[in-house]
Amino acid sequence: MIIALVVVLVLCPCLGLAGWAVWKVVDADSNAAPSPSVSAPAVPPVLPSDVPTSAAPSPSEDEFAKGDCVVNEGTEDDAELRKVPCGPNTYQVLLRIPATSDGDRCETLAPQATANYVHDNSIDLFDYVLCLKKR
């Protein structure tokens, strides 16, 4: 009887914390927009379009994957990325680095990147960095 009581007293707070964490994730995704930042050259030179890639863009409007092309409809300090067809004056996603908000990782993992986008979520597991190349 005492063992069962100890098990219940240990499990209840753990289950409560797990439920609270799931609730916060769902609530954060539905109520708040991400607080991204982007760093890019102020006025990069216009270069000829790169050879199109064979990577198919991801279907979701909220998720970005390798091969997607985006434009920033926000500011440099408060970026709002939107998927668009690849073309001149767009940024192509070269790499998505999950579970980090360290934009400097693009320098080593995708050296051809000309900019990066940092998605900093209140839950670190959902942070990510996009390594981008200006087209």
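Start by selecting Asn89, which lies in the loop between strand 3 (81–84) and strand 4 (91–98). Helices (H or I, at least four residues) and strands (E, at least two) are DSSP runs, numbered from the N terminus. Before going further, note that this is a predicted model: local features need pLDDT of at least 70 and side-chain atom pairs count only at pLDDT 80 or more, while totals for chains, interfaces and linings use all residues. Residues are numbered from 1 along each chain as its sequence is written, and side-chain values use heavy atoms, with hydrogens and water left out.

**The loop residues**

Stay on Asn89 and check its backbone: phi is positive, about 60 degrees, although Asn89 is not a glycine. Most residues other than glycine have a negative phi. Asn89 has a relative accessible area of 46%, so it is partly exposed; buried means under 20% relative accessible area, exposed over 50%, and partly exposed in between (1.4 Å probe, protein chains only).

Now pick Pro88, in the loop between strand 3 and strand 4. Pro88 counts as exposed because its relative accessibility is 63%. Add Lys134 to the selection: the two are 46 residues apart in sequence, yet their C-alpha atoms are 8.2 Å apart in space.

For another positive phi of about 60 degrees at a residue that is not a glycine, go to Ala99. You will find Ala99 in the loop between strand 4 and helix 2 (105–109). With 48% relative accessibility, Ala99 is partly exposed.

**The strands around Gln92**

Next, select Gln92 in strand 4, which stands opposite Cys69. Gln92 also has a bridge partner in strand 6, namely Lys133. Show the whole strands and you will see strand 2 and strand 4 pair in the antiparallel sense over two bridges, and strand 4 and strand 6 do so over seven bridges. Two strands pair if DSSP finds at least two bridges between them.

**The aromatic cluster**

Which residues form one aromatic cluster here? Select Phe64, Tyr117 and Tyr128. Rings of Phe, Tyr and Trp (its six-membered ring) pair if their centres lie within 6.5 Å; planes under 30 degrees apart count as stacked, over 60 as edge-to-face and the rest as tilted. By this rule there are two aromatic pairs. Phe64 and Tyr117 are edge-to-face, with 6.4 Å centre to centre and 70 degrees between the planes. Phe64 is in the loop between strand 1 (37–39) and strand 2 (69–72) and Tyr117 in strand 5 (residues 115–119), so this pair ties together parts that are 53 residues apart in sequence. Both Phe64 and Tyr117 are buried.

Tyr117 and Tyr128 make a tilted pair, because their ring centres are 6.3 Å apart and their planes lie at 40 degrees. Tyr128 is in strand 6 (residues 128–134) and Tyr117 in strand 5, so the parts tied together are 11 residues apart in sequence.

Keep Tyr128 in view and add Arg96, whose charged end sits over the ring of Tyr128, 3.8 Å from its centre. The rule is that NZ of Lys or CZ of Arg is within 6 Å of the ring centre and within 35 degrees of the ring normal.

**The cores**

Finally, expand to the largest nonpolar core, 11 residues in all, including Phe64, Tyr117, Tyr128, Val70 and Leu130. A nonpolar core is a set of buried Ala, Val, Leu, Ile, Met, Phe, Trp, Tyr and Cys residues joined through side-chain atoms within 4.5 Å. Strand 6 gives the largest share of this core, three residues. A second, separate core has six residues, among them Ile97, Val118, Val129 and Cys131.
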